[in-house]
Amino acid sequence: MITLGVLDHSHIGEGQTAADTLRDTTRLSQEAEKLGYSRYWVSEHHGTRALASSSPEVLIAHIASATSKIRVGSGGVMLSHYSAYKVAENFRLLEALYPGRIDLGLGRAPGGMPLATRALQNGAYSGIDGYPQQIADLNGYLHDAMPSGHSFEKLSAAPILSTAPELWLLGSSDGSARIAAQQGLPFAYAQFFGVPGGEMAMKLYRDHFTPSTLYAEPKPLVCVLAICAEDEMEAQKLAASTNLFFLQLEKGMELPAFPSVQTALNFPYSDYDVARIHQGRQRRIVGTPKQVKEEILAISERFQTQDIMIASPIHDFDARVRSYQLIAEAFNL
């Protein structure tokens, strides 16, 4: 049985403010819960004008307070910027407030430009070399299981709990897949990034998974980008905003806001731009409920997982909600 979740990047739409966007994020989480989605994850981005979610911990607390049963988590916390101990405390506090509902997704990307990374780390460069040990430490803090001989063996992350957030490693290559397999943790693959080799990364994760005290078997998840409407032409029209946003991002030309459909349709695209958009469409799912369901099922089969997260960036909020409604109906959530 397919399980669906929502990944929300909290794009600040053209003509909107960050406050508008965060209100929409909250409203969408409530709608997702009503529709039967299992998880609602928010991202972490820094120094970016078009994205409102810079602190997933804060946003998770707000969303969890506005909902009652859907799991709420990070997609994800960029751990290399932070102390594993402090992240453990943040998420233990969230778990205490909303027991059994918190997911802690971890990423090793910077989540912003180099200048933002320097500001976050305040000159104390940590890089990604220590990332596997940070994960092991974080897991130890969350489960009061720091290994004997560790520098902080006797240190507990407050508050002390009998439950813990569910820890996920996120990635778009085999790097995080290897770490998740080695440490016996769940792994979420960002298929919508379009990096080649996703199926191989997931196979590597499965083939090299080492059972842990928490997970006897691999726990894989795939995140896709899907835009759905009753009519295929309407879905393609709604996707124009995404096409332009990611095109400019790939070219290193960040837009000040997530563009409206009209702005996207009127943009003066070059032949190169059109070719890049066409290539990008191959990693996105756009169409009617039947088409979207078929493509999601095909990805589920290729990646051998029943757990799917869906990002559906659409400028118009009502159309975005409708996209998630149609997908939920197609899967009989």
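Colleague: Let's start in the sheet: which residue in strand 3 is the bridge partner of Val-42?

Modeller: Happy to look, bearing in mind that this is a predicted model. Strand 2 covers residues 39-42, and 4 bridges join strand 2 to strand 3, the two running parallel. For Val-42, the bridge partner in strand 3 is Ser-74.

Colleague: And which residue in strand 4 is the bridge partner of Val-72?

Modeller: Here we move to the pairing of strand 3 with strand 4 (residues 102-107). These strands run parallel and are joined by 6 bridges. The bridge partner of Val-72 in strand 4 is Ile-102.

Colleague: Which helix does the chain pass through on its way from strand 3 to strand 4?

Modeller: Let's follow the chain along. Strand 2, helix 2 (residues 56-66) and strand 3 make a β-α-β unit that is right-handed. From strand 3 the chain goes on to strand 4 by a right-handed β-α-β crossover, and the helix on that path is helix 3.

Colleague: How many of the residues of strand 3 are buried?

Modeller: Strand 3 spans residues 71-78 and is mostly covered. Buried here stands for a relative accessible area under 20%. By that cut-off, the count for strand 3 is 8 of its 8 residues.

Colleague: Which peptide bond with omega near 0° involves Gly-76?

Modeller: Nice one to check by eye. Most peptide bonds are trans. Gly-76 is found in strand 3. The cis bond there runs from Gly-75 to Gly-76.

Colleague: Where does Pro-159, which follows a cis peptide bond from Ala-158, lie?

Modeller: The bond from Ala-158 to Pro-159 is cis, with omega near 0°. As for its place in the chain, Pro-159 lies in the loop between helix 5 and strand 5 (166-171).

Colleague: Back to strand 2: is Arg-39 buried or exposed?

Modeller: Arg-39 is in strand 2. Its neighbours, leaving aside residues up to four places away in sequence, include Leu-4, Val-6, Ile-70, Trp-168, Leu-221 and Met-309. With a relative accessible area of 7%, which is under the 20% cut-off, Arg-39 is therefore buried.

Colleague: With which side chains does the side chain of Arg-39 make polar contacts?

Modeller: Two acidic residues are worth displaying here, Asp-103 and Glu-166, both among the residues that Arg-39 touches. The contact with the side chain of Glu-166 is 3.1 Å. The other, at 2.7 Å, is with the side chain of Asp-103.

Colleague: Now the rings: how do Tyr-85 and Tyr-141 pair?

Modeller: The structure holds 11 aromatic pairs, and Tyr-85 with Tyr-141 is one of them. Their centres are 5.1 Å apart and their planes meet at 65°. Planes over 60 degrees apart count as edge-to-face, so this pair is edge-to-face.

Colleague: How many residues apart in sequence are the parts that this pair ties together?

Modeller: Tyr-85, in helix 3 (residues 84-97), is partly exposed at 23% relative accessible area. Tyr-141 belongs to helix 5 (residues 131-142) and is buried at 4%. Because the two tyrosines sit in these two helices, the pair ties together parts whose separation in sequence is 56 residues.

Colleague: What is the angle between the planes of Tyr-205 and Phe-209?

Modeller: Both residues are buried, Tyr-205 at 0% relative accessibility and Phe-209 at 11%. Ring pairs also link them with Phe-187, Tyr-189 and Phe-303 into a cluster. The centres of the two rings are 5.7 Å apart, and the pair is edge-to-face because the planes are at 80°.

Colleague: Over the face of which ring does Lys-293 lie?

Modeller: This one pairs a lysine with an aromatic ring. Lys-293 is 5.6 Å from the ring centre, and the ring is that of Phe-331.

Colleague: Last topic, the backbone: what is the relative accessibility of Asp-144, with its positive phi?

Modeller: Most residues other than glycine have a negative phi. For Asp-144, phi is near 50°, and the residue is found in the loop between helix 5 and strand 5. Asp-144 counts as partly exposed because its relative accessibility is 41%.

Colleague: And is Asn-332 buried or exposed?

Modeller: Asn-332 also has a positive phi, of about 55°. Its place is the segment after helix 13 (317-330). At 64% relative accessibility, which is over the 50% cut-off, Asn-332 is exposed.

Terms used: Residues are numbered from 1 along each chain as its sequence is written. This is a predicted model: local features need pLDDT of at least 70, side-chain atom pairs count only at pLDDT 80 or more; totals for chains, interfaces and linings use all residues. Side-chain values use heavy atoms; hydrogens and water are left out. Buried means under 20% relative accessible area, exposed over 50%, partly exposed in between (1.4 Å probe, protein chains only). A polar contact is a pair of N or O atoms within 3.5 Å; within protein, one must be able to donate a hydrogen and the other to accept it, and residues adjacent in sequence count only if both atoms are side-chain atoms. Contact means heavy atoms within 4.5 Å. Rings of Phe, Tyr and Trp (its six-membered ring) pair if their centres lie within 6.5 Å; planes under 30 degrees apart count as stacked, over 60 as edge-to-face and the rest as tilted. A charge sits over a ring if NZ of Lys or CZ of Arg is within 6 Å of the ring centre and within 35 degrees of the ring normal. Two strands pair if DSSP finds at least two bridges between them. A crossover is right-handed if, with the strands pointing away from the viewer, the path from the first strand over the helix to the second runs clockwise.
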